[in-house]
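Work through the exercises below with the sequence and the structure open. Try each task before reading its solution.

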Amino acid sequence: MLVNMNEVLLPAQKGKYGVGMFNAVNLEMARGIIAAAEKANSPVIMGTAEVFFSYCPLEEAAYYLIPMAKKAKVPVVIHLDHGMTKEACVQALELGFTSIMYDCSLESYDVNVRRVKEMANLAHSHGASIEGELGHVGDNEGSYEGQHEMEDPSIFFTDPAVAKDFVFQTGIDALAIAVGTAHGAYKRPPKLDFERIETISKTTTVPLVLHGGSGLSEADFKQAIDSGISKINVFTDINTAAVEAMFRQFTSFNKGMIDLIPATVESIKEKVLEKMEVFSSYNRV
């Protein structure tokens, strides 16, 4: 069933479990994600990001994401992750996405507040939810998210003292925070600021979002959720799992796409299931 983000994150926030957000840039990824969610009897957030439009235009993604969500046996949110432009966010809402993230985190605080507030009003008028970002989540080398590598990421960590005002001023439904994670594959284990997560959780009312979930340990996930995280974004892990599954099929070169599709779907399904089990055994509908 197709739902917005509030319908899955508010129960997660109350129940102290995590809901995964997985980008699906083709049909096989979407099939694997939904199959995992249905097997786990778990809600899921699925979508795409503006950085992926060159691989799969937003309109084409909507053609398969939204009908698949409607037919799913579990709640599925169709989400635009890291919408960097107003135009992309508006298009997603018009296409029927039930949730958007308007990422103005690289702008000044005042600009971030003004733009996200305007977009929140528009999203809510469509019955959709909206996520904003305060601070800035950086990128590991090779990340698809924008190549914003930082020598000292802590400079861009979310300020707990400002988070409450940001949520109040913008009217967002979820807040992405910068606490030590980054997009892409980690060269070394990240060090998350769990105390910062807990402080922000206590000073704000909305569910908190952890970006850069690929490569984190099971202990990291559990402590982050215990500290107040409700939504966890994962892409790199499922993206690489799909490619590894394809390579395993090439014992010879007399293969076609139809030989690769089942293995890709199954690999995505198993990787998403693995994450869901870690996010919480209580993540059930």
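**Exercise 1. Contacts of Ala69**

Task: Find which residues Ala69 is in contact with, leaving aside its neighbours within four places in sequence.

Solution. Step 1: Contact means heavy atoms within 4.5 Å. Step 2: With neighbours within four places in sequence left aside, Ala69 is in contact with Met1, Leu2, Ile34, Val76 and Ile78. Step 3: Locate the residue: Ala69 lies in helix H3, residues 58-71. Helices (H or I, at least four residues) and strands (E, at least two) are DSSP runs, numbered from the N terminus. Step 4: Ala69 is buried, with a relative accessible area of 0%. Here buried means under 20% relative accessible area, exposed over 50%, and partly exposed in between (1.4 Å probe, protein chains only). Step 5: Ala69 and Val44 are 25 residues apart in sequence, and their C-alpha atoms are 9.7 Å apart in space.

Two notes on the source apply throughout. This is a predicted model, in which local features need pLDDT of at least 70 and side-chain atom pairs count only at pLDDT 80 or more, while totals for chains, interfaces and linings use all residues. Residues are numbered from 1 along each chain as its sequence is written, and side-chain values use heavy atoms, with hydrogens and water left out.

**Exercise 2. The whole chain**

Task: State how many helices and strands there are in the protein chain, and what percentage of its residues count as buried.

Solution. Step 1: The protein chain has ten helices and eleven strands. Step 2: It has 285 residues, and 56% of them count as buried. Step 3: Turn to the contacts in the chain with a separation of 6 or more: residues 24 or more positions apart account for 71% of them. Step 4: The protein chain exposes about 12600 Å², of which carbon and sulfur atoms supply 53%. Accessible areas come from the Shrake-Rupley method with a 1.4 Å probe; for residues, only the protein chains shown count as cover.

**Exercise 3. The two sides of H8**

Task: List the buried residues of helix H8 (residues 218-227), and explain why they are on the same side of H8.

Solution. Step 1: In H8, the buried residues are Asp220, Phe221, Ala224, Ile225 and Ser227. Step 2: They lie on the same side of H8 because they cover an arc of only 160 degrees around the axis. The arc is that of the directions from the helix axis to the C-beta atoms. Step 3: A general rule helps here: an α-helix has 3.6 residues a turn, so residues three or four places apart point the same way. Step 4: Ala219 and Asp226 are exposed on the other side of H8. Step 5: The cover over the buried residues of H8 includes helix H7 (194-203), strand S10 (208-210), strand S11 (229-234) and helix H10 (257-279). Step 6: After H8 comes Gly228, with a positive phi near 135 degrees.

**Exercise 4. H6 against H7**

Task: Determine at what angle helix H6 (residues 160-170) and H7 pack, and which residues meet.

Solution. Step 1: The angle is about 35 degrees, and the axes of H6 and H7 are 9 Å apart. Axes are lines fitted to C-alpha atoms, for helices over the stretch in contact, and angles run from 0 to 180 degrees between N-to-C directions. Step 2: From H6, Pro160, Ala163 and Lys164 meet Arg196, Thr199, Ile200 and Thr203 of H7. Step 3: Sorted by type, the residues of this contact between H6 and H7 are three nonpolar, two polar and two charged. Ala, Val, Leu, Ile, Met, Phe, Trp, Tyr, Cys and Pro count as nonpolar, Asp, Glu, Lys and Arg as charged, and the others, Gly among them, as polar. Step 4: H7 also holds Glu198, which is partly exposed at a relative accessible area of 36%.

**Exercise 5. Positive phi outside glycine**

Task: Say where Lys16 and Asn41 are found, and give the phi of Lys16 and of Asn41.

Solution. Step 1: Lys16 is in the loop between helix H1 (6-15) and strand S2 (19-23). Step 2: Although Lys16 is not a glycine, its phi is positive, about 60 degrees. Step 3: Asn41 is in the loop between helix H2 (27-40) and S3, and its phi is also positive, near 55 degrees. Step 4: Lys16 is partly exposed, with a relative accessible area of 43%; Asn41 is partly exposed, with 33%.
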